[in-house]
Amino acid sequence: MKYQNNIKNRINARHFKSLEIIGDLSNKKILNIGCHIGWLEYLVRDKKFDEFYSIDTNLNFLDEEIKENPRFNFLQGSITNIPCKSDYFDIVTSFEIIEHLRKREFESAFNELNRVLKVGGILYISVPFKNILSIALDPAILIGHKHLNLKILKPYLENNNFEVIYAIKLGGF
């Protein structure tokens with residue numbers, strides 16, 4: 001299948017499952033880190049929320065319809081240097097981002113996630129699951145792409161006062 005630039009053609013079951021896990025956004029301030037084309041923004045565009053901020057290192061990939069939607073605030077930035085106020089967000093999401101970091105950046109990323117999240121807020125992250133077959137079949141491993149699991153991530157989460165309340169392995173092998 002040829003690469004699809006249309007956001008509607010790029011939404012898949014993983015995106016819908018991520019939204020299902022997040023649940024109700026009502027009365028919430030949300031930060032989506034690594035928005036890329038704006039798939040999460042596209043899926044929540046008609047839902048109720050207080051504020052929605054999205055950051056990415058490159059905002060040029062954003063779908064034009066999403067980029068021009070006044071309900072969303074787009075900022076250029078990264079997970080290791082989040083350009084937002086401390087203790088501000090009820091929900092922070094980071095879907096398929098952490099695996100692109102160098103290992104030495106993990107601590108600063110989780111420190112930043114903790115900084116911007118309110119006490120009692122919820123962090124949702126997803127990463128490619130680490131197992132021998134998924135690693136063997138991922139050519140991006142050669143350029144530093146990582147496959148991770150809870151055992152690898154848990155020390156970073158705990159060092160930054162996060163408590164794992166739900167972990168699920170979906171898809172893959």
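**Figure 1. Helix α2 lies across strands β4 and β5 in this predicted model.** The helix covers residues 13–22. Strand β4 spans residues 89–95. Helix α2 runs at about 155° to β4.

**Figure 2. Five strands form an open sheet with parallel pairing.** The strand order is β3-β2-β1-β4-β5. The edges are β3, residues 73–76, and β5, residues 117–126. Each of these two strands pairs on one side only. Neighbouring strands of the sheet are turned by 20° against each other on average, direction ignored. Strands of a sheet pair through backbone hydrogen bonds, either parallel or antiparallel.

**Figure 3. Strand β2 pairs with β1 and with β3.** Strand β2 holds residues 51–56. Five bridges link β1 and β2 in the parallel sense. Here Ile30 stands opposite Phe52 of β2. Four bridges join β2 to β3, and these two strands also run parallel. Tyr53 has Asn73 in β3 as its bridge partner. Strand β2 is mostly covered, with five of its six residues buried. In a regular strand the side chains alternate between the two faces of the sheet.

**Figure 4. The largest nonpolar core has 27 residues.** Leu31, Val92, Ile98 and Leu113 have the most contacts inside this core. Six elements are listed by name in this view: β1 (29–33), β2, β4, α5 (106–116), β5 and α7 (150–159) each give two or more residues to the core. Helix α5 gives the most, with five residues. Apart from this core lies another, of 23 residues. Tyr42, Leu59, Leu62 and Phe95 are among the residues of that other core.

**Figure 5. Ile98 is one of the residues with the most contacts inside the largest nonpolar core.** Residues up to four places away in sequence are not counted in this view. Ile98 touches Ile79, Phe106 and Phe110. Ile98 also touches Ile125, Val127, Leu148 and Leu153.

**Figure 6. Ser126 lies in strand β5 and makes a polar contact with Glu96.** The two side chains are joined at 2.8 Å. Ser126 is buried, with a relative accessible area of 18%. Buried here means under 20%, so Ser126 falls within that class. Ser126 touches Ser94, Phe95, Glu96, Ile97 and Glu99, leaving out residues up to four places away in sequence. Asn6 is 120 residues from Ser126 in sequence. Their C-alpha atoms are 23 Å apart in space.

**Figure 7. Cys35 and Cys84 do not form a disulfide.** The structure holds zero disulfides. The sulfur of Cys35 has its closest cysteine sulfur in Cys84, 11 Å away. For Cys84, the closest cysteine sulfur is likewise that of Cys35, at 11 Å. A disulfide needs the two sulfur atoms within 2.5 Å, so this pair is too far apart for a bond. Cys35 is buried, with a relative accessible area of 1%. Cys84 also counts as buried, at 15% relative accessibility.

**Figure 8. Asp87 has a positive phi.** The angle is about 50°, although Asp87 is not a glycine. Asp87 sits in the loop between β3 and β4. Asp87 is partly exposed, with a relative accessible area of 48%.

**Figure 9. Asn161 has a positive phi.** The angle is about 65°, and Asn161 is not a glycine either. Asn161 is found in the segment after α7. Asn161 is exposed, with a relative accessible area of 67%.

Terms used
Residues are numbered from 1 along each chain as its sequence is written. This is a predicted model: local features need pLDDT of at least 70, side-chain atom pairs count only at pLDDT 80 or more; totals for chains, interfaces and linings use all residues. Side-chain values use heavy atoms; hydrogens and water are left out. Buried means under 20% relative accessible area, exposed over 50%, partly exposed in between (1.4 Å probe, protein chains only). Two strands pair if DSSP finds at least two bridges between them. Axes are lines fitted to C-alpha atoms, for helices over the stretch in contact, and angles run from 0 to 180 degrees between N-to-C directions. Contact means heavy atoms within 4.5 Å. A nonpolar core is a set of buried Ala, Val, Leu, Ile, Met, Phe, Trp, Tyr and Cys residues joined through side-chain atoms within 4.5 Å. A polar contact is a pair of N or O atoms within 3.5 Å; within protein, one must be able to donate a hydrogen and the other to accept it, and residues adjacent in sequence count only if both atoms are side-chain atoms.
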